[in-house]
Amino acid sequence: AKGRHGRGAAADRRPQEGLRPVRADAAEPATGEAESADSPPHGGRGGTARMGVPVHVAARAALDLAPNLYNAAELLASAPVSASSSMNLAGWDGARGQAITVELSPKGAGYALPDPAGRLVHTNHFLDPRLERGDTEARIYPDTLLRRDMLLRELAAGETDLIAALSSHLGGDSALCCHPRDPEAEDEYETLATLSMDLAQGALTVHPGGPCAWPGPGKSAGG
């Protein structure tokens, strides 16, 4: 997960009656990123002053109310959000896994699926063609295109160590693994945490800092 250095926020609100709109100013502008986990893209595209469901509340509702992956995707897509976001969902039935990214926008929802090899790579821009046309993220911040392209090429070339692929510092504070040049600055990006999910074991590992500091033999999170 990536965010502006020195800033961070989290929300954990349990919905009482499903997803209901609230005042739009209660929705936190999305500024995070995750190539291999779950986090919202940058704000600044498709934002609106209308009332909507905060993206963190939508995520909590999917965890609390949806009995499976498919219902979670359906529930998220139904949320009338007022900030852009993406939610990565994954499920396991004891023999096989499935994953989907639900892309949320005030203009509607879209989806991104894994490639034929089962790899789902998402950065800060929309992939669904219906949302891609109105997405200003890639035009204003093309680093999101470069990060996704770098990961796809690394994986296509046979790299099986995801942590190694994510540990690139090419691009400075816009890299896959980025660190602020000035620790006191608030306008630079930093990779705040690296996450690994083991669906078969139902385990989530969260390591503070970037992939380059991932602990363990080989620094591998699996293929």
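This note sets out, point by point, the fold, cores, charged pairs and selected local contacts of a predicted model.

1. Overall composition. The protein has 6 helices and 7 strands. Read from the N terminus, the order of elements is β-α-α-β-β-β-α-α-α-α-β-β-β. The chain comprises 223 residues, of which 41% count as buried. The exposed surface amounts to about 11,900 Å², and carbon and sulfur atoms supply 53% of that area.

2. Contacts along the sequence. When contacts between residues at least 6 apart in sequence are considered, 53% of them join residues at least 24 apart. One pair separated along the chain is G97 and L199: these residues are 102 positions apart, and their C-alpha atoms are separated by 7.6 Å.

3. The largest nonpolar core. This core contains 17 residues, and L76, L89, V102 and L104 are those with the most contacts inside it. Helices α1 (55-65) and α2 (69-77) each supply at least two of its residues, as do strands β2 (85-92) and β3 (97-105). The surroundings of V102 may be examined in detail. Beyond residues up to four places away in sequence, V102 touches A73, L76 and A77, as well as S85, S86, M87 and L89. The list for V102 is completed by G110 and Y111.

4. The second core. Separate from the set described above is a core of 7 residues. Its members include M150, L151, A165 and L166.

5. Strand β3 at G97. G97 is located in strand β3. With a relative accessibility of 46%, this glycine counts as partly exposed, because that value falls between the 20% and 50% limits. Setting aside neighbours within four places in sequence, G97 is in contact with G91 and W92.

6. The β6-β7 hairpin. Strands β6 (residues 193-198) and β7 (residues 203-208) run antiparallel and are joined by 6 bridges. Within this pairing, A193 stands opposite P208 of β7. The hairpin has 4 residues between its strands, and G202 adopts a positive phi near 65°.

7. Salt bridges in general. Side chains of opposite charge can pair when their charged atoms come close. The model contains 8 salt bridges. Three individual pairs are described in the next two points.

8. Two salt bridges with partly exposed members. In the first, the side chains of D64 and R60 meet with an N to O distance of 3.0 Å. Both residues belong to helix α1, and because they are 4 residues apart there, about one helical turn separates them. D64 is partly exposed, with a relative accessible area of 28%. The second pair consists of R119 and D115, whose closest N and O atoms are 3.2 Å apart. R119 counts as partly exposed at 33% relative accessibility, and D115 likewise counts as partly exposed at 25%.

9. The network around R181. E188 forms a salt bridge with R181, the closest N and O atoms lying 3.8 Å apart. The two partners contrast in their accessibility: E188 counts as buried at 9%, whereas R181 is exposed at 67%. D173 is linked with R181 and E188 in a network of salt bridges.

10. A buried asparagine in a loop. N124 lies between β4 (108-112) and α3 (129-132), in the connecting loop. N124 has a relative accessible area of 0% and is therefore buried. The side chain of N124 makes a polar contact of 3.5 Å with the side chain of R147.

11. S167 and its polar partners. S167 is placed in the loop between α6 (162-166) and β5 (189-191). Its relative accessible area is 15%, so S167 is buried. A polar atom of the S167 side chain lies 2.6 Å from the backbone oxygen of I163. On the side of C212, the backbone nitrogen lies 3.5 Å from a polar atom of the S167 side chain. Apart from neighbours within four places in sequence, S167 is in contact with C177, P211 and C212.

Notes. Residues numbered from 1 in each chain as written. Predicted model: local features only at pLDDT ≥ 70, side-chain atom pairs only at ≥ 80, totals over all residues. Heavy atoms only, no water. Pairing = 2+ DSSP bridges. Buried < 20%, exposed > 50% of the residue type's maximum accessible area, 1.4 Å probe, protein only. Polar contact = N/O pair within 3.5 Å; in protein donor to acceptor, adjacent residues only side chain to side chain. Contact = heavy atoms within 4.5 Å. Areas by Shrake-Rupley, 256 points an atom, 1.4 Å probe, with all protein chains shown as cover. Core = buried A, V, L, I, M, F, W, Y, C linked by side-chain atoms within 4.5 Å. Salt bridge = Lys/Arg side-chain N within 4 Å of Asp/Glu carboxyl O.
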